[in-house]
Amino acid sequence: TVVTAGSDSDTFLGPVAATPSQAFRFDSVGSLYTGFAPSLTQSSSGNSNFSLGVRPDGRLLYGITTDDKVGILQQTMPDGTPDLNFGTNGKIEFAISASGYPRQVDLVLLGDGSVVFSVLTNQNLRLYKIDSHGLPVASFGTVGQFTYAFADPFAIGKLFSLLSLSDGSLLTGIRDGPSSSSNGSLLVIRVSNNGMLLGANNLLADRRQLDWRLTALPDASVVIARSRSFGPINSAAL
């Protein structure tokens, strides 16, 4: 088991705990592995969100965005040292538009050893498909990258998830509607295994405040758990 932590921020005070990201590893009975201290890149002060994955052989994948508006995906060996066979010294970088504001990241590991790393900004969603050595999978999208631009950049909120479905496609769920607003919906974008857009639909549009989570089933269908609140009225549904 691996647990990581990064910087934190406060709405009024800004960054309040800009500590280096750390990783901790425990065995099956909860004992801490001493000496496991991988060198992880600091997450951006305005977005402490990170993504985490562990390969079957114990190698760790860690994805974040930085204050320099760069998405970074790192891979370490099981003991926490950089995987020198991945990218450059265990790290690959993805430039984000200078006018883009990073909001969320996520990643999914695929059965062939490749990984899809997603970066959500206020302007677009980007999916990067990388092989087990940290090289772009050229057959995915445009030289390894899929991009979906938002019609209204300021309407994209922070709730976000990325799923890999059993038919090989990818599905993302994004809050469409500012997190400060009581109006919102779930923007679902489905992408084929070769990085082509299959569809984008707004679901669950409501005047109430919406929260939701997605999970994939073996037949490539998806279950959505939704909660909503509007004044004294609260409800939840699948």
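1. Burial. Of the 238 residues in the chain, 42% are buried. The model is predicted, and the remarks below should be read with that in mind. The accessible surface of the chain comes to about 11,800 Å², and carbon and sulfur atoms hold 54% of that surface.

2. Secondary structure and contacts. The chain has 19 strands and zero helices. Among contacts with a separation of 6 or more, 40% are between residues 24 or more positions apart.

3. Strand 9 and strand 10. Strand 9 covers residues 102–109 and is mostly covered, with six of its eight residues buried. Strand 10 (residues 115–121) runs antiparallel to strand 9, and seven bridges join the two. One place to look at this pairing is Gln-104, whose bridge partner in strand 10 is Leu-120. Five residues lie between the strands of this hairpin. Gly-113 in the hairpin takes a positive phi near 95°.

4. The largest nonpolar core. This core has 16 residues. The residues with the most contacts inside this core are Leu-125, Leu-127, Phe-140, Leu-170, Ile-174 and Val-191. Two or more residues each come from strand 10, strand 11 (124–130), strand 13 (156–164), strand 14 (170–176) and strand 15 (184–191). Strand 15 gives the most, with three residues.

5. Leu-127 as an example. Leaving aside residues up to four places away in sequence, Leu-127 touches Val-116, Phe-117 and Ser-118, then Phe-140, Gly-144, Gln-145 and Phe-146, and further along the chain Leu-162, Leu-170, Thr-172 and Val-191. Among these neighbours, Phe-140, Leu-170 and Val-191 are also listed with the most contacts inside the largest core.

6. A separate core. Apart from the largest core lies another, of 13 residues. Its members include Phe-86, Phe-94, Val-115 and Tyr-128.

7. Salt bridges around Arg-59. The structure holds three salt bridges. Arg-59 forms one with Asp-57, where the closest N and O atoms are 2.9 Å apart. Arg-59 also forms one with Asp-83, at 3.1 Å between the closest N and O atoms. The pair of Asp-83 and Arg-59 links distant parts of the chain, 24 residues apart. Asp-83 is in the loop between strand 7 (70–76) and strand 8 (91–95), while Arg-59 is in the loop between strand 5 (51–54) and strand 6 (60–65).

8. Is Arg-59 buried or exposed? Its relative accessibility is 19%, and the cut-off for buried is under 20%, so Arg-59 counts as buried. Asp-83 is buried too. Asp-57, at 45% relative accessibility, counts as partly exposed.

9. The remaining salt bridge. Asp-167 pairs with Arg-190, the closest N and O atoms being 2.5 Å apart. Asp-167 lies in the loop between strand 13 and strand 14 and Arg-190 lies in strand 15, so this pair ties together parts that are 23 residues apart in sequence. Both partners are partly exposed: Asp-167 has a relative accessible area of 40%, and Arg-190 has one of 30%.

10. Shared partners. Which residues are joined into one network by salt bridges that share partners? They are Asp-57, Arg-59 and Asp-83.

Technical notes
Residues are numbered from 1 along each chain as its sequence is written. This is a predicted model: local features need pLDDT of at least 70, side-chain atom pairs count only at pLDDT 80 or more; totals for chains, interfaces and linings use all residues. Side-chain values use heavy atoms; hydrogens and water are left out. Buried means under 20% relative accessible area, exposed over 50%, partly exposed in between (1.4 Å probe, protein chains only). Helices (H or I, at least four residues) and strands (E, at least two) are DSSP runs, numbered from the N terminus. Two strands pair if DSSP finds at least two bridges between them. A nonpolar core is a set of buried Ala, Val, Leu, Ile, Met, Phe, Trp, Tyr and Cys residues joined through side-chain atoms within 4.5 Å. Contact means heavy atoms within 4.5 Å. A salt bridge is a side-chain nitrogen of Lys or Arg within 4 Å of a carboxyl oxygen of Asp or Glu. Accessible areas come from the Shrake-Rupley method with a 1.4 Å probe; for residues, only the protein chains shown count as cover.
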